[in-house]
Amino acid sequence: MKSLMAVLGTVLLLGLVVGLGTARQVIKTGESFVEIGVLSEETWNRFVADGKEVDSIYGDIALRNDYLSAVIGQPIATRHANMTVRDIAGALIDLAVQSAPSDQLAAYYPGKRRYPFRQAAIVNAEGAEVSLDQPYRSGQSAAVVLKAEAGEDRPEATVRYQLGPHDRFLTVVTTLTNRSNKLQSVPLEDDFRVDGGKEEMLRTPNGTVDQFWVEDRYWDQAYGLDAEGLKLQLTSDARVTAIKYERPDGATSVALEPGQSYTFQRRLYPGKNRLEVNAIARGLTAGNSTAHQLVVLNKRHRPIPRTLVEFKLGSTSYGTARTDNDGRLKVVTPSEPVTVDLSAFGNKIAANLPLKTDGQPDVLTVDFDPGTVTATITDGQQRLIPCKVEFKPLDGHYKLDYGPESGEFAVRNLIYTPNGKFQRLIPPGKYAVTISHGPEFDAVFTELDISPGESASLVASLSRTVETPGWVSSDFHSHSSPSGDNTSSQLGRVLNLVAEHIEFAPCTEHNRVSTYQPHIDRLGIGSQMMTVSGIELTGLPLPLNHQNAFPIKLVERTQDGGGPVTGPDLESQIERLVLHDGRSEKLLQVNHPDLGWMFYDKDGDGKPDSGFERAFPFMDVVEIHPIDHVLELGPIVQRGTRQQPNTIFNWLQLLNQGFRIYGVVNTDSHYNFHGSGWLRNWVQSSTDDPAKIDPMEMVRSAERGRLVMSNGPYLEVQAHESGRSELHVSGEDLKAPSGRVSLKVRVQCPNWLDVDRLFVLVNGRVHEQHNYSREKTPDAFRGGVVKFERTLDLEISSDAHIIVATGNTQGKLTNIYATDVGNARPAAMTNPIFVDVNGDGFQANKDTLDVPLPTKFSR
């Protein structure tokens, strides 16, 4: 470990250079302290940092001083951070600096989850235990000590998280004691989880090193770890770095005789960037380092904010940091020659620039002069409107990359605005610009020239051309970082949803009840979107056992937000979810199922059986996307070399067997780059004002099948018995003793969509007479907003469920959605209207549509 004087030197240097003025004053006046406490309503704001990966709840144990804050999972067997970060009892789950909190830590597991920690204590500098009832505050070091009892083949383990008033690191001390009567070989290992699959994240390459580091370049957070007297053997994937500690003799384990103990010690340290982490790791002081104060300017002497600065010692990268909004940056490096590379918006704008070694300010002038785009986007009535704006560089000189897919207001080449106004720097050049607000609005397609250093105005009006009275747009299935299987900002998810004109969006994180309401309030978009707390309960077997439910009561800052637990099997899980909250009324949605496996092949052996029949009565709706598969009805869909079941076809088979489980389509979006909006349900509503939407009305409309599914086209269908005026919509029963049914059908599209096909499905089969295409029946289709409008007359001889579908067999969504989902063909379809001809209530015809009922799909 570094000496006390070296540590204090680091403290003073960081306080001077990085702007830790408060910490520096505390050191001088002797007012520094360390505080430890159990998280509660009273202590929450004192201990818990900000950051999209914060997973603290009441009952966890927190430590803080003037520099850092840390949270340890409470030592109980059921403590989990989220769906994928499990078993965090005794693990470090949140860690950030106080001056710029941006927690990105998923979990640090001392002992790699081998030891079930079930006891905790706070100890003072003398090692005496202190009560957990009240926060303990001291001017000396204090610690949280976790203990795991010995098992049959494992030693007793104690882990001590220690923090001193001036420490820039958390000290972690593990003691392993053999309580058995035989020799035990015990591995020395930890896991360090920081998820970075789609982040701008780098970490120490695999191998044997003295220090582990990881830096998230976009979210301004870095971590470091080292061990006293030990080397680190690292093996990493995009989530977890497995650490084995190598002793001087090369061993990564220790042989413990009965009664023998072994103790080893690590330091964990956060920083805003890797430069701060390295300063702690190397024990930099005023005597062995250089304090750099630099500013990045263009040739007009204007600052370039958020420039990524990569520092190099010789040819070796030493870490990165970003300039502030004034183009300035203060960092500390070792006292040796340093050069920097500069990047902005994904472009390298300078390389190998030497920095001064005398501590004098560096002015780095670069030949890169971004312009500014100032946008004002309104609706057809000159009211500011949320929207998505995409900039596509046309001249190929500069790339445009605002940040990773987990971001918020600016993601890759997109801007999401909650109110139609923004001002952003942008590299100079010519851009194709697309401004959109979902499929009820025409999009604006234009070009914009950005001159170096100049401001360009982007003014546009998005006209609402598609009218949807009595129906509101919804997405019942989205995710963000609290789910644990992605790293997207939840604020960014809400921006996605409102910019795409989703008017009702329940919050459905994996295995955790959560809410979008704080983000809606922060963005001031309550007039644009309604939400309700909910959950996606995700258990085994995967991917079958996923269900969404809303509303679910949120219990803030508790395990899983107060939600139910998963398993032990699909039927039990669905029952538990339905009965949760005292049998409260909620929508139960089955997510992306293999319908053959679920309904006809419970054991998955390919032989028909009764399926998971105990769960069937609880199912309200089932996801049946991809919706454009309705344009190629058949049991199997070919996608390149890959085959997949056609869920829509299998759902039609289910309807024919008498299952009245309605269809929905949802994005299941996990990232924020074109994440939401490309799939939606229009739900029948008594109000068209999002602020007045009643979530329970949404639940009941969905339960009754008042849903139209789409990835763009707006499809209206009303049915009545010929000669009668009473109109019926999807999900309703229609009595038609005459067997004559009329369908009033209309399709609307904005200027960026079209349809070339419309057909009627009667009991899952395309009606021969009502099968229209622009190629064969061009007179049935129009230009303009209304693409199709006709009354279709049918004669049926027995009970039938009727569905109408439309789409564009030649079109794609790529002009609005620039990811793989943009390759989908525009399509929409209704839920069934159930026609009773015989007068004894609707009776399903049991038709299997010329193929056997499905079983588990063999991939």
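These legends walk through a whole-chain view and three close-ups of one predicted model.

In this predicted model, local features need pLDDT of at least 70 and side-chain atom pairs count only at pLDDT 80 or more, while totals for chains, interfaces and linings use all residues. Residues are numbered from 1 along each chain as its sequence is written, and side-chain values use heavy atoms, with hydrogens and water left out.

**View 1. The whole protein chain contains 10 helices and 55 strands.** Helices (H or I, at least four residues) and strands (E, at least two) are DSSP runs, numbered from the N terminus. The C-alpha trace spans about 95 × 75 × 50 Å along its principal axes. A compact globule with 859 residues would have a radius of gyration near 29 Å, and the 30 Å of the protein chain agrees with that; the radius is taken over C-alpha atoms, and the globule rule is 2.2 Å times the number of residues to the power 0.38. Of the 859 residues, 61% count as buried, where buried means under 20% relative accessible area (1.4 Å probe, protein chains only).

**View 2. Asp-60 sits in the loop between α3 (44-47) and β2 (61-64).** Is Asp-60 buried or exposed, if exposed means over 50% relative accessible area? Asp-60 counts as buried because its relative accessibility is 0%. A polar atom of the Asp-60 side chain lies 3.0 Å from the backbone nitrogen of Ile-57. Look also for the residues in contact with Asp-60 beyond its neighbours within four places in sequence, including Gly-37, Val-71, Arg-79 and Ile-93; contact means heavy atoms within 4.5 Å.

**View 3. Helix α5 (residues 490-499) is largely enclosed by the rest of the structure.** Why is α5 described as largely enclosed? The reason is that 10 of its 10 residues are buried. Among them are Gln-490, Arg-493 and Asn-496, along with Leu-491 and Val-494. Which elements do the buried residues of α5 pack against? Their partners are the strands β30 (387-393), β32 (414-417) and β34 (429-436), together with the helix α6 (517-523).

**View 4. Ser-489 and His-501 mark out the surroundings of the ends of α5.** At the N-terminal end, Ser-489 acts as a cap: one of its side-chain oxygens lies 3.2 Å from the backbone nitrogen of Leu-491. Just after α5, His-501 takes a positive phi of about 60°.

Methods. A polar contact is a pair of N or O atoms within 3.5 Å; within protein, one must be able to donate a hydrogen and the other to accept it, and residues adjacent in sequence count only if both atoms are side-chain atoms.
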